[in-house]
Each structure stands twice: as structure tokens, then as C-alpha cells.
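Visitor: I should like a close look at one part of this model, chosen by you. Please explain it carefully, and then show how it fits into the rest of the chain.

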Amino acid sequence: MQNMAKDVEVNGFNPGLIVLLVIGGLVLTFLIGNYVLYVYAQKTLPPKKKKPVSKKKMKRERLKQGVSAPGE
């Protein structure tokens with residue numbers, strides 16, 4: 001029985017544990033990299049410009065609110 005216990009200790013890490021640690025490390029690296037890129041992009045890229053609202057849509061919104069459009 002004591003020989004069996006020594007053989008298990010000498011064998012080293014469980015191969016399944018090594019695979020799990022490698023995959024976990026890669027996933028963690030991927031997530032941290034994405035976060036770093038996101039923060040960098042937020043600081044350096046200009047904010048997105050909103051599309052200009054067409055005059056037709058502005059007119060329709062004003063009519064919905066009950067305010068007459070100018071020039072009518």
C-alpha cells in the first residue's frame with residue numbers, strides 16, 4: 001500500500017487538470033484582452049454621430065405633439 005501512495009505522488013499533475021488549467025488560462029486571457037481593447041477604444045475613438053433627423057420626420061413629430069410646423 002505504501003508503494004502505491006508513493007507512485008501516485010511521483011506521477012505528478014493529473015493530465016486532465018493541466019488541460020483544464022490551459023483552457024481556463026486561454027479563456028481568461030481572451031476576456032482580459034477584450035476588456036483592455038474595449039477600454040482603449042472608449043478612450044481613443046470619437047463617439048458615434050447620430051444620423052440627422054429628416055425634416056419630414058421632424059414635421060411629423062411636431063404634428064403629433066400638436067405644434068404646427070413653421071411655414072404652414
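Guide: Gly66 follows directly after helix α3 and adopts a positive phi of about 90°. (Helices are DSSP runs of H or I with at least four residues, strands are runs of E with at least two, and both are numbered from the N terminus.) The model is a predicted one, in which local features require pLDDT of at least 70, side-chain atom pairs require pLDDT 80 or more, and totals for chains, interfaces and linings use all residues. Residues are numbered from 1 along each chain as its sequence is written, and side-chain values use heavy atoms, with hydrogens and water left out.

Let us step back into the helix that precedes Gly66. Helix α3 covers residues 55-65. None of its 11 residues is buried, and the helix is hardly covered. (Buried means under 20% relative accessible area, exposed over 50%, and partly exposed in between, with a 1.4 Å probe and protein chains only.)

Within α3, Lys64 and Glu61 form a salt bridge, with their closest N and O atoms 3.9 Å apart. (The term requires a side-chain nitrogen of Lys or Arg within 4 Å of a carboxyl oxygen of Asp or Glu.) Side chains of opposite charge can pair when their charged atoms come close. Lys64 and Glu61 are three residues apart in α3, so about one helical turn separates them. The two partners can also be described by their exposure. Lys64 has a relative accessibility of 63%, so Lys64 is classed as exposed. Glu61 has a relative accessibility of 42%, so Glu61 is classed as partly exposed. The structure contains one salt bridge in total.

We may now place this part in the whole chain. The chain has three helices and zero strands, and its elements follow the order α-α-α from the N terminus. Of the 72 residues in the chain, 1% are buried. A UniProt entry, which is unreviewed, lists residues 17-41 as a "transmembrane region". (Such annotations may be inferred rather than shown by experiment, and their positions follow the numbering used here, with feature names shortened.) In the model, the span 17-41 is 100% helix and 0% strand, and its end C-alpha atoms lie 36 Å apart.

Confidence deserves a final word. Mean pLDDT, the predictor's confidence in each residue from 0 to 100, is 80 for the chain, and 76% of the residues score at least 70. Among the elements, α2 has the highest mean, 95, and α1 the lowest, 53. Where pLDDT is low, the predicted coordinates should not be read in detail.
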